[in-house]
Amino acid sequence: MNIFIVEDNPTISRFLLQVIPTLDPSYNIVGTVDTVKGALEFLRNIQPDLLLLDVELPDGKGFDILQKWNQENQKERFDGSVVFATAHNHYALQAIKHSALDYLVKPINVNELKTALKKAFENTEQLSKQFMNDKIEVLRQNIENVQTYGKDYQNQKIVLSDAEKIYLVAIEDIVRCEAERSYTSFFLKEGKHITISKSIKVIEEMLPESIFYRVHRSHLINLTYFDFLDKKDGGTVYLKDGSTLPIAIRRKDTLIERLRQI
């Protein structure tokens, strides 16, 4: 797998150059640059299998590279895989998670790097070119909306996929999520529901904690759809769409506190 690194921190670049070849003999680093401009010049000559992109660069953002490349090359859109690297910026990290893209948090952990590259290699084999470009576009929109509105959910979208379809869902339209073994069902405000093969724990990490709260091991709710809490018989949460859900005893007090913060 040919890997191209776009990173403006020299220490991190050296780390990646030293470590990546030791993780798998098939990993081949074909180049490193530290700007959007440099990356675009490189891509005109070589199409790598994977881009390892810093989110923030001196002359733009990592996703600008893919957006500009695809605008210039409508017939040869980038069809490799992408892994983003970011400092622990809450909003940038949430935007990446919403977009269902792979990422690494700086400082980069070797085991996490190994896992991300392995997953990226599998994605290169399995995902369609259009799906990857849809993810990048959602990421761009989400980061722009965060910068505009200052919230991690307003006008944000999340990429969901089941065995047959890809969905772009507005986060504000998600009423609740329900665990079904290793699957999670999303229940949307218009009555539709989508089931994907991710655990509810993973989904909880993807969705903004400012409006989502896990009331039970199997139930994650959007607090903006909360109606009332009936404390009888252990406790039941009522949502505005008519859903009734159990609440874990130890989560009642925290739920009440969270509702006061909205």
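Guide: A contact here means heavy atoms within 4.5 Å. The model is predicted.

Visitor: Among contacts with a separation of 6 or more, what share comes from residues 24 or more positions apart?
Guide: Take the contacts in the chain with a separation of 6 or more. Then pick those whose residues lie 24 or more positions apart. Their share is 54%.

Visitor: In what order do the five strands of the open sheet stand?
Guide: Strands of a sheet pair through backbone hydrogen bonds, either parallel or antiparallel. In this open sheet the pairing is parallel. The order is β2-β1-β3-β6-β7.

Visitor: Which are the edge strands?
Guide: An edge strand pairs on one side only. Two strands do so, residues 28–33 and residues 102–105. They are β2 and β7.

Visitor: Which residue in β3 does V6 stand opposite?
Guide: Strand β1 covers residues 2–6, and strand β3 covers residues 50–54. The two pair in the parallel sense over four bridges. Opposite V6 stands L53.

Visitor: Which helix packs on the sheet, touching β1, β2 and β3?
Guide: This helix spans residues 10–23. Its direction makes about 170° with that of β2. It is helix α1.

Visitor: At what angle to β3 does helix α3 run?
Guide: Helix α3 takes in residues 62–72. It lies across β1, β3 and β6. Its angle to β3 is about 130°.

Visitor: What percentage of the residues count as buried?
Guide: Buried means under 20% relative accessible area. The chain has 262 residues. Of these, the buried ones make up 48%.

Technical notes: Residues numbered from 1 in each chain as written. Predicted model: local features only at pLDDT ≥ 70, side-chain atom pairs only at ≥ 80, totals over all residues. Heavy atoms only, no water. Pairing = 2+ DSSP bridges. Axes fitted to C-alpha atoms, helices over the stretch in contact; angles between N-to-C directions. Buried < 20%, exposed > 50% of the residue type's maximum accessible area, 1.4 Å probe, protein only.
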